[in-house]
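These are my notebook entries on the structure shown below. I record each item in the order in which I looked it up.

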Amino acid sequence: MIDELDVFGTYMPAALVWAIIGGILAYITRLALQRLPLERFLWQTGLLDLALFFLFWWGVSALADILLPFVVAH
Amino acid sequence: MNFENFRKTFFSLALLGLALLALYALWLRYEVRPTTRDGKVKADIVQVSPDVGGWVSSVLVRDNQAVKKGDVLLVIDQSRYQLARDEAEENLETQQTSLAQAIRENNRNHNLSTEVDTETIERGQEKVDLLKLAVAQAKTALGVAQLNLDRTVLRAPVNGIVSNMTLQPGDYLTAGHGIMAMVDTDSLRVEGYFEETKIPAVHVGDKAEVRLMGVADPIEGHVESIAAGVVDREREDAPNTLDNVNPSFTWVRLAQRIPVRIAIDHVPDNLPLIVGTTATIDIEPRPGEPSVRRSWPW
């Protein structure tokens, strides 16, 4: 379990960093899905943004918990 | 139209459900799991101080040197204590000589009891008894003098590392004043401050994973004990006066933090444990242990 990340000497809660990465991923995915006729499938297309963001946040955080302990500086 | 409405409702609810599920997983991971970033490597610190005063005649350890219990740290100038011991020895001999003479006199008095009056015999006996006590006192004084002499050799009270020591031969030490700190390496441990909301999930014996800043491999340990109490900051405890309770601050409240002591089971190779360094602690609850029902965020 990795709970904090060193960003140039400032240790930040890992959750915050994963949220930022999740947000960026959600934004990119949303751009890619722009062409789909979403309004025909959803009452509110914003719901997709919301779900994508939380899913990516959780996904990145779970993946980091599994993979980060194996990443060693040298 | 009706079919499209149904489709829209279905997909909207499905997405909402997914979002809530992910949120729930995140909340479990970051808010419910007993974990803290406020851990510290700790050890008991012994403040080493001499039992007798005097010049430092030799210093046998350097700053940051590891020593075993009983190792000599420094020697205080012994001349005065040596002389005091000699004096006590001589005093003992004096008393013993007086006692021997008193015993001889007393025996003589007893042998001539028909000619010596009772008072003289009693006086002689009293003298013998008093001198026996005086000899015992002189022996005790000699013991004290010897003890003082022995205490001029200052030994390590625990296995540990000498820390913050700048002592040089020639410094003058006063009895009872701390001269250096020793980190008791046998008492090295990690202490984490857990929010009170997470304490119900922490049990003595649970496995703990401790990560020091910048170290990839975790230290393995287990929960040794949980603090029995912390100070109530809303109230000042002064006896015999009225209660001093802070005005209420009801809008935002913060969880108190409770120290939890983690015993270290295994340290990664070559990793030095330095008292005061920051650690992140994750506690792995054991399945099937008696647990407290925890509330949601209320």
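Entry 1, chain A. I worked from a predicted model throughout. I counted two helices and two strands in chain A. Reading from the N terminus, I noted the order β-β-α-α.

Entry 2, dimensions of chain A. I looked up the extent of the C-alpha trace, which spans about 50 × 20 × 15 Å along its principal axes. I then compared the radius of gyration with the globule rule: chain A has 16 Å, whereas a compact globule of 74 residues would have a value near 11 Å. I noted that 22% of the 74 residues in chain A are buried. Among contacts in chain A with a separation of 6 or more, I found that 54% join residues 24 or more positions apart.

Entry 3, the contact between the chains. I asked how many residues each chain brings to the contact. Chain B contributes 22 residues and chain A contributes 20 residues. On the side of chain B that touches chain A, I listed helix 1 (2-32), strand 1 (35-42) and strand 16 (278-284), each of which supplies at least two residues. Helix 1 of chain B gives the most to this side, with 15 residues. I sorted this side of chain B by class and recorded twelve nonpolar, three polar and seven charged residues.

Entry 4, helix 2 of chain B. I checked the length of this helix, residues 79-111, against its residue count. At 1.5 Å a residue, its 33 residues should span 48 Å, and the end C-alpha atoms are 48 Å apart, so the two values agree. Which residues of helix 2 of chain B are buried? I found Tyr81(B), Arg85(B), Ala88(B), Gln95(B) and Leu99(B). I recalled that an α-helix has 3.6 residues a turn, so residues three or four places apart point the same way. I then looked for the packing partner of the buried residues of helix 2 of chain B, and found helix 3 (118-151) of chain B.

Entry 5, a sheet in chain B. I traced an open sheet of four strands in chain B, in the order 2-9-7-4, with antiparallel pairing. Its edge strands are strand 2 (45-48) and strand 4 (66-67) of chain B, each of which pairs on one side only. I then examined strand 7 (residues 160-163) and strand 9 (residues 180-184) of chain B, which pair in the antiparallel sense over four bridges. For Ser163(B), I identified Ala181(B) as the bridge partner in strand 9 of chain B.

Definitions and conventions:
Residues are numbered from 1 along each chain as its sequence is written. Chains are lettered from A and ligands numbered from 1 in the order in which they are written. This is a predicted model: local features need pLDDT of at least 70, side-chain atom pairs count only at pLDDT 80 or more; totals for chains, interfaces and linings use all residues. The expected span of a helix is 1.5 Å times one less than its number of residues. A residue is buried if 20 or more other C-beta atoms lie within 10 Å of its own, exposed if 12 or fewer, and partly exposed in between; C-beta atoms are placed from the backbone. Two residues are in contact if their C-beta atoms, placed from the backbone, lie within 7 Å. Ala, Val, Leu, Ile, Met, Phe, Trp, Tyr, Cys and Pro count as nonpolar, Asp, Glu, Lys and Arg as charged, and the others, Gly among them, as polar. Two strands pair if DSSP finds at least two bridges between them. The radius of gyration is taken over C-alpha atoms; the globule rule is 2.2 Å times the number of residues to the power 0.38.
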